[in-house]
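Reader: I'm new to this one and would like a friendly walk through it. Could you show it to me first, and then I'll ask away?

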Protein chains: 2
Amino acid sequence: MSEIEHPEPWDVISTLIAENDPEKLGEYIDELSGADKSLAISRLDDGVRASLLDQLTTEDAADLMKDIFDDQAADLIEDLPTEKAAAIIDEMASDEQADILGHLEVDRAEEILQEMDPEEAEDARLLLQSPVNSAGGMMITEFLVYRESMLVTDVIRDLRKNRKEYSDYEVQYTYITSEQDELVGVLPLRQLLLSGKNVPLSELAIPDPVHVSASASLTELKSIFDHSGFIGIPVSDSNAKILGVVLRKAVLEAVDEADNRAFLNFSGIVGGEELRSMPLLSRSFRRLSWLSVNIVLNMIAASVIAFYQDTLESAIVLAVFLPIISDMSGCSGNQAVAVSIRELTLGQVKSHELFRVLSKEAGVGLINGIVLGALIGGAALAWKGNIYLGMVVGGALALNSLFAVCLGGMIPLMLSHRKMDPALASSPILTTITDMCGFFFVLSFATALLPKLGV
Amino acid sequence: MSEIEHPEPWDVISTLIAENDPEKLGEYIDELSGADKSLAISRLDDGVRASLLDQLTTEDAADLMKDIFDDQAADLIEDLPTEKAAAIIDEMASDEQADILGHLEVDRAEEILQEMDPEEAEDARLLLQSPVNSAGGMMITEFLVYRESMLVTDVIRDLRKNRKEYSDYEVQYTYITSEQDELVGVLPLRQLLLSGKNVPLSELAIPDPVHVSASASLTELKSIFDHSGFIGIPVSDSNAKILGVVLRKAVLEAVDEADNRAFLNFSGIVGGEELRSMPLLSRSFRRLSWLSVNIVLNMIAASVIAFYQDTLESAIVLAVFLPIISDMSGCSGNQAVAVSIRELTLGQVKSHELFRVLSKEAGVGLINGIVLGALIGGAALAWKGNIYLGMVVGGALALNSLFAVCLGGMIPLMLSHRKMDPALASSPILTTITDMCGFFFVLSFATALLPKLGV
């Protein structure tokens with residue numbers, strides 16, 4: 001009996017590149033899922049990867065760029081001849097162009113922009129000027145716009161004529177402007193179906209459409225889409241001229257990305273997504289930048305222990321409990337940090353509502369502190385048969401849990417109030433403070449009760 | 001000078017309810033953003049909240065339900081008279097109906113289903129039977145379907161006639177079926193614009209449309225949408241009969257929710273979103289369920305220290321370093337855990353590729369271990385002027401960091417391979433093992449070099 005071998009996609013791609021069969025290569029890649037495309041490219045040998053885009057047609061290459069991670073696409077584009085790179089980027093939608101150009105060195109991006117179709121380049125520059133997560137940075141500049149004086153039949157004629165070009169457009173609306181190019185209405189495409197041919201657009205359009213400025217933030221956009229069924233919202237300048245359209249899809253994807261960044265920052269991965277296909281030294285360095293701050297904070301916290309060396313020497317058993325108290329207080333506090341980060345993201349708490357959070361966390365901290373304190377105190381009593389030891393470690397953990405939970409709930413609000421990223425900094429700040437307090441509670445209680453600890 | 005007071009939305013709502021002005025109440029709530037609606041409802045007094053839905057019209061109540069969290073909506077619906085609850089749910093789209101009914105007790109949901117419009121109830125039951133994150137659980141059952149023998153003009157007539165009803169539909173496609181009700185094609189609505197009136201749909205439809213079964217998973221759906229520009233995908237049964245449509249929006253939202261669940265689980269918040277408006281005891285209990293497992297694991301790990309009591313007694317300074325080594329190894333390991341969780345989510349690593357992860361993490365672990373070991377060893381040397389102390393703590397942290405990083409990278413793959421949630425269990429398993437090893441390394445090295453530690 002023999003098993004059928006499923007060759008890995010990166011092996012198939014390498015073979016097809018070696019066979020110099022661009023058509024089959026394009027077809028094979030097109031049928032992979034987005035995740036498999038990224039995966040396959042990250043697993044190719046460096047030399048093979050370099051010749052991949054060379055072999056693909058411009059259209060196939062552009063299609064591939066859309067589906068993989070932006071930094072992967074930028075890596076592939078970076079080393080291509082400028083002319084070929086420009087031709088591939090010309091084929092893409094404006095928001096995708098900006099995503100990739102934004103991941104290149106500024107000089108390299110400028111070289112490519114110079115070679116691009118001037119109209120495409122102008123649109124891409126417009127997006128690149130705006131912050132990535134603003135309406136201006138997320139919009140597409142491919143949209144349909146007609147004057148309000150036009151008739152339904154004019155629009156249908158135009159749609160028929162440019163059918164092929166428009167088929168790539170993702171928007172389901174047309175935008176209606178005055179003679180002065182001001183946005184005055186929006187018209188769902190299917191509305192055209194239901195109207196007479198000689199009706200002017202001004203009669204059909206929904207007036208005063210929701211629109212945003214290029215500087216609108218991700219939070220504002222999310223709130224508008226949460227509140228409505230729109231597929232896209234027009235972006236306009238101060239003269240009410242339409243610049244582009246932000247799609248719901250782009251906003252949902254950006255929100256997901258922001259949430260993921262919170263997860264990564266919270267776990268000590270800074271500077272965005274880390275994939276294991278990235279170079280060793282950059283992965284190592286990015287992780288170290290966070291760890292090296294942390295180890296200094298850790299040493300500061302542990303210095304509290306050094307002050308109580310005499311107590312520890314007299315009751316060495318306490319050394320067993322110090323790491324437990326440090327770790328458990330960190331866990332309890334981090335739960336409260338996570339709830340605050342989520343409530344901030346969901347708009348369920350404002351950054352000035354410290355007192356509300358404190359009052360809500362104090363109850364949880366009190367109950368959980370008592371339970372955890374009783375558990376560890378009971379364990380100490382059972383182990384050493386000394387009720388005072390149980391009271392010292394149990395009391396210290398109970399008190400420190402209450403403190404950690406209250407502090408953990410409030411730190412993200414304080415950081416957010418100062419426009420700092422709560423996911424990145426909350427946990428290191430929290431654990432440093434709670435470690436110091438935890439060590440202080442155990443060791444000072446023990447010092448006070450030293451004669452009774454029976455050691 | 002006086003500042004203008006902006007009353008909080010929950011105060012305005014309470015006032016309007018007290019004034020018994022349903023119209024103004026409905027209008028005011030409608031203008032709040034989704035996040036503000038949730039926030040306001042969570043901050044209402046219990047008594048006021050109970051009378052909120054009573055005062056709103058059925059349509060306004062249904063609109064409100066859509067914008068707030070599902071469990072909030074379920075709470076509001078739960079206590080209403082069954083007839084009113086059913087009337088409100090009748091007004092909603094099928095996927096929203098299922099979301100809310102799925103959050104109620106089974107018996108209560110059944111009572112409401114009995115009172116609902118029979119057709120609506122049948123659709124809702126269909127969705128409730130499927131797992132929440134499957135195609136069948138996420139689809140909407142409002143869609144447009146026509147026979148392939150029909151002409152464009154027939155469709156346009158139907159669209160005009162049912163204009164009002166269809167205006168709520170979010171889909172931009174019509175689905176085309178054979179005389180046997182089998183799905184045979186898809187037709188973008190705007191295509192109807194560009195065709196002659198007497199063309200049969202069979203000539204216009206795109207044949208063999210992408211479709212999925214009701215059991216298709218979130219991962220499969222995400223992969224299809226990543227790979228295409230579709231706004232929705234039809235869901236069909238084994239006879240190719242169309243059951244519903246999964247929208248890209250629903251899939252993006254479910255992916256975001258799954259990612260957020262990973263963040264929450266990773267931080268020790270289990271059982272889904274925790275909001276501070278939830279009851280104290282349930283919040284406390286959910287957090288404790290995770291903490292109490294953790295404290296037992298912590299005590300097991302710390303028991304290693306107890307075995308080396310004699311060494312510690314002779315070199316009490318080590319007690320300062322034990323919590324640092326425990327915490328730093330946990331941090332380094334959790335970075336690798338986070339990268340593995342993200343790579344699994346993004347499909348960039350398969351759960352059997354342990355060796356690949358090990359080889360990629362070993363390099364990072366080695367470099368970061370050496371740097372961190374040198375930092376802490378240097379600090380120990382500077383503090384106590386004893387090179388052997390530096391070697392013991394530096395060597396132990398270096399070795400344990402390497403070990404923690406390799407283990408942290410692999411644990412999520414092993415859990416995922418056994419179909420367990422890596423975000424929830426990875427960190428407690430990791431830190432228990434790395435604590436034990438870290439304590440063992442420091443204390444066994446110190447035991448071997450005890451005469452040279454100079455204390």
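Reader: Let's start small: where is the place of Ala135(B) in chain B?
Author: This is a predicted model, where local features need pLDDT of at least 70, side-chain atom pairs count only at pLDDT 80 or more, and totals for chains, interfaces and linings use all residues. Residues are numbered from 1 along each chain as its sequence is written, while chains are lettered from A and ligands numbered from 1 in the order in which they are written. Helices (DSSP runs of H or I, at least four residues) and strands (runs of E, at least two) are numbered from the N terminus. With residues 135-138 forming one such helix of chain B, the place of Ala135(B) is in α11.

Reader: Is Ala135(B) buried or exposed?
Author: The rule counts other C-beta atoms, placed from the backbone, within 10 Å of a residue's own: 20 or more is buried, 12 or fewer is exposed, and in between is partly exposed. Ala135(B) has 29 of them, so Ala135(B) is buried.

Reader: Which residue with the most contacts inside the largest nonpolar core does Ala135(B) touch in chain B?
Author: Two residues are in contact if their C-beta atoms, placed from the backbone, lie within 7 Å. A nonpolar core is a set of buried Ala, Val, Leu, Ile, Met, Phe, Trp, Tyr and Cys residues joined through C-beta atoms within 7 Å. The largest such core has 148 residues, and Val246(A) and Val246(B) have the most contacts inside it. Leaving aside neighbours within four places in sequence, the partners of Ala135(B) include Leu221(B), Val235(B) and Val246(B).

Reader: And how many residues are in the second, separate core?
Author: That second core takes in residues of both chains, among them Val320(A), Ala396(A), Ile269(B) and Cys331(B). Its count is 127 residues.

Reader: Back in chain B, why does Ile224(B) count as buried?
Author: Ile224(B) sits in helix α15 of chain B. Leaving aside neighbours within four places in sequence, Ile224(B) is in contact with Val210(B) and Ile233(B). Ile224(B) counts as buried because its C-beta neighbours inside 10 Å number 21.

Reader: What about Asp208(A), buried or exposed?
Author: Asp208(A) is found in the loop between β4 (206-207) and α15 (218-226) of chain A. Phi of Asp208(A) is near 45 degrees, a positive value in a residue other than glycine. With 10 other C-beta atoms within 10 Å, Asp208(A) is exposed.

Reader: How far apart in space, C-alpha to C-alpha, are Leu151(A) and Lys197(A)?
Author: Leu151(A) lies in the loop between β1 (144-147) and α12 (152-161) of chain A and counts as partly exposed, with 18 C-beta neighbours inside 10 Å. Not counting residues up to four places away in sequence, Leu151(A) touches Asn198(A), Val199(A) and Pro200(A). Leu151(A) and Lys197(A) are 46 residues apart in sequence, yet in space they are apart by 7.0 Å.

Reader: Zooming out, what radius of gyration does chain A have?
Author: Chain A has 22 helices and six strands, and its C-alpha trace spans about 95 × 60 × 50 Å along its principal axes. The radius of gyration is taken over C-alpha atoms, and the globule rule is 2.2 Å times the number of residues to the power 0.38. A compact globule of 455 residues would be near 23 Å, but chain A has 30 Å.

Reader: How far apart do the centres of domain 1 and domain 3 of chain A lie?
Author: Chain A is divided into domain 1 (9-129), domain 2 (144-264) and domain 3 (280-453), with bounds from an automatic or database domain assignment. Taking C-alpha centres, domain 1 and domain 3 of chain A lie apart by 48 Å.

Reader: Which element gives the largest share of the side of chain B that touches chain A?
Author: Here 92 residues of chain B are in contact with 91 residues of chain A. Elements giving two or more residues to that side of chain B include α3 (34-43), α17 (280-307) and α20 (354-384). The largest share, 17 residues, comes from α19(B).

Reader: Last one: what relation does the rotation between the chains show?
Author: Copies are superposed by least squares on the C-alpha atoms of residues with pLDDT of at least 70 in both. A rotation of 180 degrees with 0.0 Å of shift along its axis superposes chain B on chain A, with RMSD 0.1 Å. So that is the relation of a two-fold axis.
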